Amino acid sequence: MDIIRRNHVTVTGNPQGPTVVLAHGFGCDQNMWRLTVPALEPHYRVVLFDYVGAGRSDLSAFSAERYGSLDGYAQDVVEVCEQLDLRDAVFVGHSVSAMIGVLAAARAPERIRALVMVAPSPRYLDDDGYRGGFSEDDITELLESLEANYLGWSASMAPLIMGNPERPELGDELKNSFCATDPDMALVFARTTFLSDARDELQGVRVPTLILECTQDAIAPREVGAYVHRTIPASELVTLDATGHCPHLSAPEVTNTAILSFLAGLG
């Protein structure tokens with residue numbers, strides 16, 4: 001299979017620089033990184049892609065069985081890295097992609113040398129001694145609402161996820177991104193995302209890791225950032241002067257500064 005076409009892989013930036021892979025979250029596509037790419041391009045080779053079912057990916061390659069777990073998305077990442085023969089890349093994952101990056105790095109450690117997690121969550125569902133931010137009823141209602149009326153769900157959830165109500169254009173952009181995704185494929189990814197539990201995998205992370213959280217995030221509360229930081233050895237936690245779940249869109253300057261500072265420290 002042509003993986004470049006399957007995942008609509010695009011490569012930009014400095015071909016001689018270290019490689020940074022940018023991975024979008026649920027309901028999004030690579031365009032969500034457009035405010036980060038210019039900050040990276042002068043010194044880094046930047047790889048972007050769309051998960052199958054999102055953006056301009058090859059929708060015919062979608063499989064509910066494969067993408068019914070985070071492993072299927074992680075395999076996509078590994079195959080993209082293999083196709084481009086990436087070595088020692090830095091994987092920047094937003095939201096659920098942060099955990100997908102953890103799985104991909106474990107599968108192909110020679111391909112991924114470091115992780116940047118933007119608003120990560122290893123488990124969205126509350127558990128004994130763990131606050132993910134959602135009760136079981138919350139998740140059930142969210143998924144049932146999505147399945148019953150995807151466009152309506154998108155219109156109501158996008159502003160909540162984005163935060164920053166004083167800037168409604170941001171919520172509108174996320175809503176439009178959700179609405180551009182095939183509802184059946186979105187439901188599979190939503191179930192995979194909100195029912196996943198990657199907490200055990202965090203303990204195996206041995207690469208340098210930057211965790212970026214926001215001061216307020218309805219999807220990944222700060223308790224989650226603290227948990228991820230506590231669980232990953234030698235990780236770095238940065239609380240951005242930003243709100244909402246998509247700081248690369250709502251506060252690109254502080255987000256880019258944090259990412260660039262981490263990349264510079266890798267040498």
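Biologist: Asp197 seems a good place to begin, so what relative accessible area does Asp197 have?

Modeller: This is a predicted model, and the answer here is a computed one. Residues under 20% count as buried and those over 50% as exposed, and Asp197 falls in between, as a partly exposed residue. The relative accessible area of Asp197 is 36%.

Biologist: With which residue does Asp197 form a salt bridge?

Modeller: The closest N and O atoms of the pair are 2.8 Å apart, which lies within the 4 Å that a salt bridge requires. The partner is buried, with a relative accessible area of 13%, whereas Asp197 is partly exposed. The residue that pairs with Asp197 is Arg199.

Biologist: How many salt bridges does the count come to?

Modeller: One of them joins Arg222 to Glu213, with the closest N and O atoms 3.2 Å apart. Here Arg222 is partly exposed at 42% relative accessible area, while Glu213 counts as buried because its relative accessibility is 6%. Taken over the model, the number of salt bridges comes to 16.

Biologist: Arg191 and Glu147 also form a salt bridge, but how many residues apart are they along the chain?

Modeller: The closest N and O atoms of Arg191 and Glu147 are 3.3 Å apart, and Arg191 is partly exposed, with a relative accessible area of 35%. The bridge links distant parts of the chain, since Arg191 belongs to helix H8 and Glu147 to helix H5. Along the chain, the two residues are separated by 44 residues.

Biologist: Which residues are linked with Arg6 in a network of salt bridges?

Modeller: A salt bridge needs a side-chain nitrogen of Lys or Arg within 4 Å of a carboxyl oxygen of Asp or Glu. In this network, Arg6 is linked with Arg66, Asp76 and Glu79.

Biologist: Where does Asp137 lie, given that it gathers with Asp126, Glu136, Asp138, Glu141 and Glu144 in a patch of negative charge on the surface?

Modeller: Patches are made of residues with over 30% relative accessible area and no salt bridge. Asp137 has a relative accessible area of 61% and is therefore exposed. As for its place in the chain, Asp137 is found in residues 136-148, which form helix H5.

Biologist: Turning to aromatic residues, what is the geometry of the pair formed by Phe26 and Phe189?

Modeller: A pair of aromatic rings is described by the distance of the centres and the angle of the planes. The ring centres of Phe26 and Phe189 are 5.7 Å apart and their planes lie at 70 degrees. Planes over 60 degrees apart count in one class, so this pair is edge-to-face.

Biologist: How many residues separate Phe26 and Phe189 along the chain?

Modeller: Phe26 is in the loop between strand E2 (19-23) and helix H2 (37-40), whereas Phe189 is in helix H8 (residues 183-194). Both residues are buried, and their pair links distant parts of the chain. The separation of Phe26 and Phe189 is 163 residues.

Biologist: What class of pair do the rings of Tyr67 and Tyr73 form?

Modeller: Tyr67 is buried at 1% relative accessibility, and Tyr73 is buried with a relative accessible area of 1%. Their ring centres are 4.8 Å apart and their planes at 50 degrees. That angle is neither under 30 degrees nor over 60, so the pair is tilted.

Biologist: Is Ala234 buried or exposed?

Modeller: Ala234 lies in the loop between helix H10 (222-231) and strand E7 (236-243), and it has a positive phi of about 60 degrees although it is not a glycine. Its relative accessibility is 78%, so Ala234 counts as exposed.

Biologist: What relative accessible area does Ala119 have?

Modeller: Ala119 also has a positive phi, near 55 degrees, in a residue other than glycine. This alanine is found in the loop between strand E5 (112-118) and H5. Ala119 is buried, with a relative accessible area of 3%.

Biologist: How far is the C-alpha atom of Arg123 from that of Ser196?

Modeller: Arg123 has its place in the loop between E5 and H5, and this residue is buried, with a relative accessible area of 13%. Arg123 and Ser196 are 73 residues apart along the chain, yet the separation of their C-alpha atoms is 6.0 Å.

How values were computed: Residues are numbered from 1 along each chain as its sequence is written. This is a predicted model: local features need pLDDT of at least 70, side-chain atom pairs count only at pLDDT 80 or more; totals for chains, interfaces and linings use all residues. Side-chain values use heavy atoms; hydrogens and water are left out. Helices (H or I, at least four residues) and strands (E, at least two) are DSSP runs, numbered from the N terminus. Buried means under 20% relative accessible area, exposed over 50%, partly exposed in between (1.4 Å probe, protein chains only). Rings of Phe, Tyr and Trp (its six-membered ring) pair if their centres lie within 6.5 Å; planes under 30 degrees apart count as stacked, over 60 as edge-to-face and the rest as tilted.
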